[in-house]
Amino acid sequence: MIGKLNHVGVATPSIEESVKLYRDILGATSIGEKFVMEEQGVWVCFVNLPNSQIELIEPYGETSPVRAFLEKNPKGGQHHVCFEVENIEAARDDLVAKGAAVLNGGKPRIGAHGVPVIFVHPKDMGGVLVELMETPTSHP
């Protein structure tokens with residue numbers, strides 16, 4: 001069902017400070033521009049790696065869902081992992097049929113890559129928040 005690992009989401013109180021870590025300490029050389037996803041309540045910046053991406057997410061607005069995560073983890077940390085799937089609705093229906101809780105009522109929304117995404121509750125995924133995204137037609 002799942003395809004390749006697309007990215008690991010990392011929540012951070014400051015994308016700018018996290019970029020310094022990935023660039024200056026870890027040596028990342030391809031880092032995208034920070035942009036806002038107002039409807040999701042986050043700022044986003046992608047660190048491009050040879051085989052995947054790191055998605056840095058910072059709260060945008062007082063109601064950002066990332067705020068609760070950062071209250072528990074003030075320095076930030078791994079927020080989710082994202083795998084590609086060929087068909088987001090078929091993947092969702094399969095997961096629901098198997099008893100997994102898909103967040104947001106199971107309704108796909110458009111993610112940072114411009115394709116439909118869903119999130120599966122960590123209680124059904126071994127303690128990990130899993131994002132599934134429909135495979136993009138082009139990769140970074």
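The following exercises, with worked solutions, concern the empty spaces and the aromatic contacts of a predicted model.

**Exercise 1.** Describe the largest pocket by its volume, its lining residues and the strands that supply them.

*Solution.* Begin with the volume, which is about 440 Å³. Next, consider the lining: 23 residues contribute, and Gln40, Pro65, His79, Arg109 and Phe119 are the closest to the pocket centre. Sorted by class, the lining residues comprise 13 nonpolar, six polar and four charged. Finally, turn to the strands. Strand 4 (42-48), strand 5 (53-59), strand 6 (77-85) and strand 8 (116-120) each supply at least two lining residues. Strand 8 gives the most, with three residues.

**Exercise 2.** How many cavities of 30 Å³ or more does the structure hold, and which residues line the largest cavity?

*Solution.* The count is one cavity of 30 Å³ or more. The volume of the largest cavity is about 40 Å³. Its lining consists of His7, Phe46, Glu55, Cys82, Gly111, Ala112, His113, Val117, Glu131 and Met133. By class, five of these residues are nonpolar, three polar and two charged.

**Exercise 3.** Classify the aromatic pair formed by tryptophan 43 and tyrosine 60, and examine the surroundings of both residues.

*Solution.* The structure has one aromatic pair. Its ring centres lie 5.5 Å apart, with 80° between the planes. Planes over 60 degrees apart count as edge-to-face, so the pair of tryptophan 43 and tyrosine 60 is edge-to-face. Tryptophan 43 lies in strand 4, whereas tyrosine 60 lies in the loop between strand 5 and helix 2 (66-72), 17 residues apart. Tryptophan 43 is partly exposed because its relative accessibility is 26%; tyrosine 60, at 29%, is likewise partly exposed. Lastly, the charged end of lysine 34 sits over the ring of tryptophan 43, 4.6 Å from the ring centre.

Key
Residues numbered from 1 in each chain as written. Predicted model: local features only at pLDDT ≥ 70, side-chain atom pairs only at ≥ 80, totals over all residues. Heavy atoms only, no water. 1 Å grid on protein atoms, 1.4 Å probe; cavity = no way out; pocket = protein on both sides within 12 Å on 5 of 7 lines; lining within 4 Å. Points joined across faces, edges and corners; volume = space filled by probe spheres on them. Helix = DSSP H or I, 4+ residues; strand = E, 2+ residues; numbered from the N terminus. Nonpolar A, V, L, I, M, F, W, Y, C, P; charged D, E, K, R; others polar. Phe/Tyr/Trp six-rings, centres within 6.5 Å; stacked < 30°, edge-to-face > 60°. Buried < 20%, exposed > 50% of the residue type's maximum accessible area, 1.4 Å probe, protein only. Lys NZ or Arg CZ within 6 Å of the ring centre and 35° of its normal.
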